[in-house]
Amino acid sequence: MASLMLGEGEKMLILHGVEDDMRNDGRTRRKYRPMELETNVVSHANGSARLRLANTDILVGIKTEIDCPFPETPNLGKIEFFVDCSANATPAFEGRGGEDLAMEISNSLACAYNSFPLDQLCITKGEQCWKLYADILILECGGNLYDAVSIAVKAALSSTEVPKVVGTVLDGGTVDLVLSDDPFDCQKLDVRRAPLLVTLCKIGDFCVVDPTAEEEMCSVASMVVSVLENGTVSSSFKCGAGSLHSETVKEALKIGKEVGQSLNQELEEILLEEQNLGPKRELFGFLK
């Protein structure tokens, strides 16, 4: 993803480190890099979050609007993902270089969120529902974009406040929507079934999680697994030009399930801790 040039000696160093379960930065094959996560950083959005995973920097904003549900799912709301790869993130994104990657990430999120309970966005069955727009901006690319984006999206959804609206069907089939007079009368979304993406990067004979940009250069194929809080795998796909053996796929799914379940639990604990701080919590935004 990032424009890097690695020599053969550097690639061998990374390969041998993965084989010895001691990567260049001291991590084991199943360990993530330190993260910095903050919610409610965009004042004009219904929900937002900023995640910094080493050199990967992601900003997500959630906006809501009232829409009509799809005819085949009259009791469900809608959610759409839009990804923008900033040209400042990496030289590879200059011009239209990031469009294909942005489309891949948005499609993978749409597929993973098939298990998200959209019924909580229904206002009036078959008539009105809430539609969520998740705008994702990649500010800097330092590897492992899929995981970082999914974590930031889930954090932004957890901070999203949806205004309370009551819909009633009048004579003639028209729907009358009544919005609460209190601007603070909102409801939070249940994000327990929001999935996280876990990338398993195949380097040599082993799979590693949270690959750096340098490690991604040493891999020809990766497996991305979407995991729910209870460990259920909701979707998976391969990225990269290479192929994966069936045994490697099984091992990647097993590792992804374990790592994803643990990551979900840790993220929810952190989000709950931040929420309990209330308005007293210190805001950093982009000043940190």
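## Close-ups of a predicted model

A search of the whole structure finds four aromatic pairs. The model is a predicted one, and the legends below start with its rings before moving on to strands, helices and loops.

**View 1. Phe 81 and Tyr 113 make a tilted ring pair.** Here the ring centres are 5.2 Å apart and the planes meet at 55°, so this one goes down as tilted. The two partners come from distant parts of the chain, 32 residues apart. Phe 81 belongs to strand E4 (residues 78-85), while Tyr 113 is in the loop between helix H2 (99-112) and strand E5 (122-124). Buried or exposed, what are these two rings? Phe 81 is buried, at 9% relative accessibility, and Tyr 113 is buried too, at 3%. Keep Phe 116 in the frame as well: Phe 81, Tyr 113 and Phe 116 form one aromatic cluster.

**View 2. Tyr 146 and Phe 237 meet edge-to-face.** Centre to centre, this aromatic pair spans 5.6 Å, with 65° between the planes. Tyr 146 sits in helix H3 (residues 145-159) and Phe 237 in strand E14 (residues 233-239), so the pair ties together parts 91 residues apart in sequence. The partners are not alike in accessibility: Tyr 146 counts as buried at 3%, whereas Phe 237 is partly exposed, with a relative accessible area of 25%.

**View 3. Two charged ends sit over Phe rings.** In one spot, the charged end of Arg 29 sits over the ring of Phe 206, 4.1 Å from the ring centre. In the other, Lys 78 has its charged end over the ring of Phe 70, and the distance to that centre is 4.2 Å. Two of these residues turn up in other views as well: strand E4 of View 1 spans residues 78-85, and strand E12 of View 6 spans 206-209.

**View 4. Strand E6 pairs with E3, E4 and E5.** Strands of a sheet pair through backbone hydrogen bonds, either parallel or antiparallel. How many bridges join strand E3 (residues 56-67) to strand E6 (residues 128-140)? There are 11, and the pairing is antiparallel; to pick out a spot along it, look for Ile 62 opposite Ala 134 in E6. E4 and E6 run parallel, joined by eight bridges, and there Val 83 stands opposite Ile 136 in E6. E5 also pairs with E6, in the antiparallel sense over two bridges. One contact to find in this part is Cys 122, whose bridge partner in E6 is Cys 129. E5 and E6 form a hairpin with three residues between them, and in the turn Gly 126 has a positive phi of about 75°.

**View 5. Helices H2 and H3 cross at an oblique angle.** Two packed helices are described by the angle between their axes and the distance between the axes. For this pair, the axes come within 11 Å and cross at roughly 55°. That makes H2 oblique to H3. As for the hand, H2 passes H3 in a right-handed crossing. Both helices have come up already: Tyr 146 of the edge-to-face pair lies in H3, and the loop holding Tyr 113 runs between H2 and E5.

**View 6. Four strands make an open, antiparallel sheet.** Read across it, the order is E12-E11-E13-E14. Why do E12 (206-209) and E14 each have a side without a neighbour in the sheet? They stand at the edges with a single partner strand each, so one side of each is left free of a neighbour. From one strand to the next, the twist averages 25°. Strand E13 (residues 222-227) and E14 pair in the antiparallel sense over six bridges, with Val 227 opposite Val 233 in E14.

**View 7. Asn 40 and Ala 54 have positive phi without being glycine.** Phi is near 55° for Asn 40 and near 55° for Ala 54. Asn 40 is in the loop between strand E1 (35-39) and strand E2 (47-53), and Ala 54 is in the loop between E2 and E3. Asn 40 counts as partly exposed at 40% relative accessibility; Ala 54 is partly exposed as well, with a relative accessible area of 30%.

**View 8. Glu 266 lies in helix H5 (residues 246-277).** This residue is partly exposed, at 44% relative accessibility. Its C-alpha atom and that of Cys 122 are separated by 29 Å, and the two residues are 144 apart along the chain.

Definitions and conventions: Residues numbered from 1 in each chain as written. Predicted model: local features only at pLDDT ≥ 70, side-chain atom pairs only at ≥ 80, totals over all residues. Heavy atoms only, no water. Phe/Tyr/Trp six-rings, centres within 6.5 Å; stacked < 30°, edge-to-face > 60°. Buried < 20%, exposed > 50% of the residue type's maximum accessible area, 1.4 Å probe, protein only. Lys NZ or Arg CZ within 6 Å of the ring centre and 35° of its normal. Pairing = 2+ DSSP bridges. Axes fitted to C-alpha atoms, helices over the stretch in contact; angles between N-to-C directions. Parallel < 35°, antiparallel > 145°, perpendicular 65-115°, else oblique. Left-handed = near helix turned anticlockwise from the far one by under 90°.
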